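Here is a set of short exercises to work through with the structure open beside you. Each one gives a task, followed by a solution in steps.

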Amino acid sequence: MTSIPCPICAAPAVLRDPSHPGYLESERHAIYSCSGCLTAFTEPRADRPEVYDRIYALADEIPGYHRYHQYARLVERANDPLAALSASEDVYWAIEQSLGDSMRDDRRILEIGSGLGYMTCALARRGHSVTGIDISAAAVAAARARFGDHFERADLAEYAERHAATYDVVIACELIEHLIDPVPFVQRALSLLRPGGRLVLTTPNRSLYDGSVLWETELPPVHFWWFSEAGIAALAARCRATVRFIDFTPYQRVQPLYLPPLPSDAPTRSSNLTAALAPTEGARAARQRGRLGTAIPWIRTNRLVQRLRGKRRVAGPRRTVMCAILEPFAGGADGRR
Ligand SMILES: [Zn+2]
């Protein structure tokens, strides 16, 4: 059995599929699964900007990306954009939770990979001092035109040199799974924190599924990684940081998640679940009424419909996404490898 050291925790990672279908129909990718931290990843990993160019060009049509444009429009018109995002999708709810008591203060926040800019804007509207950085000049120009002067085109390595120990909170939302090497990324992101600061990472959660499931997230080369919680914990430890995970139990009650039953005899199953995360009728109804609790009658009806479709309801602390909060060890994170 072919194995290589896990790039995150160094335990042996086993080649589970040498020729897995990729995001582009013509491509195949090798999928490894770590025997130690259970993170799945593809190898080799190489930057493919042309894939993103195609996704952004078609973003209003591709399932799973279309909703980002809806969120940008939502933030433009909502009175409390962060609350509106939070009611729409678990990722944003988790980010709101991760800010904890710092919500009450004017904090310095950096969003890495600000993209369309709506999350940066939503945080700024809560009174925080927020900067969004992105490597795409086009994304930064569009975000500035739409949401104001919060954005800067920057590469993280260079930005971290200029802004060491500056921020109370650094956020990277659905980003690390796209990176060739997440280790230097997390080290640099931690180096941006002031004493007492926190790094908030969201990424698809492999730990929601059992070990037989090979790859249940965007296909390579869009996502290179499908992290488990143990993988994120190993990543944090390597970067000299503690980690804790947001518990989604309260969110499950108001915004239930249903997944198709997984065939137990199909260890190489692969599909794209992002469509299942698109805002549901329940979320839309809740948003119109201004709070989550009012969606309950709709949720009861939906539960019956989903059961009839053979889907299973997810319960407990995990969703398809995780939100990890990293805090540097008492002696400080080492910004270099
Ligand atoms: Zn590992």
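**Exercise 1. A sheet and its edges**

Keep in mind that this is a predicted model. Find the residue of β4 that stands opposite Y32, then place its strand in the sheet.

*Solution.*
- Step 1: Across from Y32 you will find F41 of β4.
- Step 2: Look at the strands around this pair. Strand β3 covers residues 28–34 and strand β4 covers residues 40–43; they are antiparallel and share four bridges.
- Step 3: Now widen the view. The open sheet has five strands in the order β1-β2-β3-β4-β10, with antiparallel pairing.
- Step 4: The edges of this sheet are β1 (3–5) and β10 (225–226), each of which pairs on one side only.

**Exercise 2. A strand with two neighbours**

Take strand β14, residues 321–328, and work out how many of its eight residues are buried. Then find which residues pair with A324, starting with the one in β9.

*Solution.*
- Step 1: Seven of the eight residues in β14 are buried, so the strand is mostly covered by the cut-off of 20 or more other C-beta atoms within 10 Å.
- Step 2: Strand β9 (residues 193–204) runs antiparallel to β14, and six bridges join the two. Here L201 is the residue opposite A324.
- Step 3: Strand β11 (residues 241–245) also pairs with β14 in the antiparallel sense, this time over five bridges. F245 has A324 as its bridge partner.
- Step 4: When you inspect the side chains, a general point helps: in a regular strand they alternate between the two faces of the sheet.

**Exercise 3. Helix α3 and its contacts**

Decide whether helix α3 (residues 81–88) is mostly covered or mostly open. Then describe how α3 meets α4 and α5.

*Solution.*
- Step 1: Eight of the eight residues of α3 are buried, so the helix is mostly covered. Among them are P81, L82, A83 and A84.
- Step 2: Two packed helices are described by the angle between their axes and the distance between the axes.
- Step 3: For α3 and helix α4 (residues 90–99), the axes come within 5 Å and cross at roughly 130 degrees. The two helices are therefore oblique to each other, and the crossing is left-handed.
- Step 4: On the α3 side, L82, L85, S86 and S88 make this contact; on the α4 side, Y92, W93 and E96 do. By class, that gives four nonpolar, two polar and one charged.
- Step 5: The axes of α3 and α5 come within 7 Å, again crossing at roughly 130 degrees. This pair is therefore oblique as well.
- Step 6: P81, L82 and L85 of α3 touch M119, C121, A122, L123 and R125 of α5. The contact has seven nonpolar residues, no polar ones and one charged.

**Exercise 4. A second partner for α5**

Work out how helix α2 (residues 66–77) is oriented against helix α5 (residues 118–125).

*Solution.*
- Step 1: The axes of α2 and α5 come within 9 Å and cross at roughly 25 degrees.
- Step 2: An angle under 35 degrees counts as roughly parallel, so α2 is roughly parallel to α5.
- Step 3: The crossing of α2 and α5 is left-handed.
- Step 4: Y71, A72 and V75 of α2 meet Y118, C121 and A122 of α5. The contact of α2 with α5 has six nonpolar residues, with no polar and no charged ones.

**Exercise 5. Unusual backbone spots**

Start from a general expectation: most residues other than glycine have a negative phi, and most peptide bonds are trans. Now check the peptide bonds from E43 to P44 and from P220 to P221, then phi of A10 and A165.

*Solution.*
- Step 1: The bond joining E43 and P44 is cis, with omega about -5 degrees. P44 sits in the loop between β4 and α1 (49–57).
- Step 2: The bond from P220 to P221 is cis too, with omega near 5 degrees. P221 lies in the loop between β9 and β10.
- Step 3: A10 has a positive phi, near 75 degrees. Its loop runs between β1 and β2 (12–21). With 13 other C-beta atoms within 10 Å, A10 is partly exposed.
- Step 4: A165 has a positive phi of about 55 degrees. You will find A165 in the loop between α7 (156–162) and β8 (167–173). A165 has 12 other C-beta atoms within 10 Å, so A165 is exposed.

Key
Residues are numbered from 1 along each chain as its sequence is written. This is a predicted model: local features need pLDDT of at least 70, side-chain atom pairs count only at pLDDT 80 or more; totals for chains, interfaces and linings use all residues. Two strands pair if DSSP finds at least two bridges between them. Axes are lines fitted to C-alpha atoms, for helices over the stretch in contact, and angles run from 0 to 180 degrees between N-to-C directions. Angles under 35 degrees count as roughly parallel, over 145 as roughly antiparallel, 65 to 115 as roughly perpendicular and the rest as oblique. A crossing is left-handed if the near helix is turned anticlockwise from the far one by less than a right angle, and right-handed if clockwise. Two residues are in contact if their C-beta atoms, placed from the backbone, lie within 7 Å. Ala, Val, Leu, Ile, Met, Phe, Trp, Tyr, Cys and Pro count as nonpolar, Asp, Glu, Lys and Arg as charged, and the others, Gly among them, as polar.
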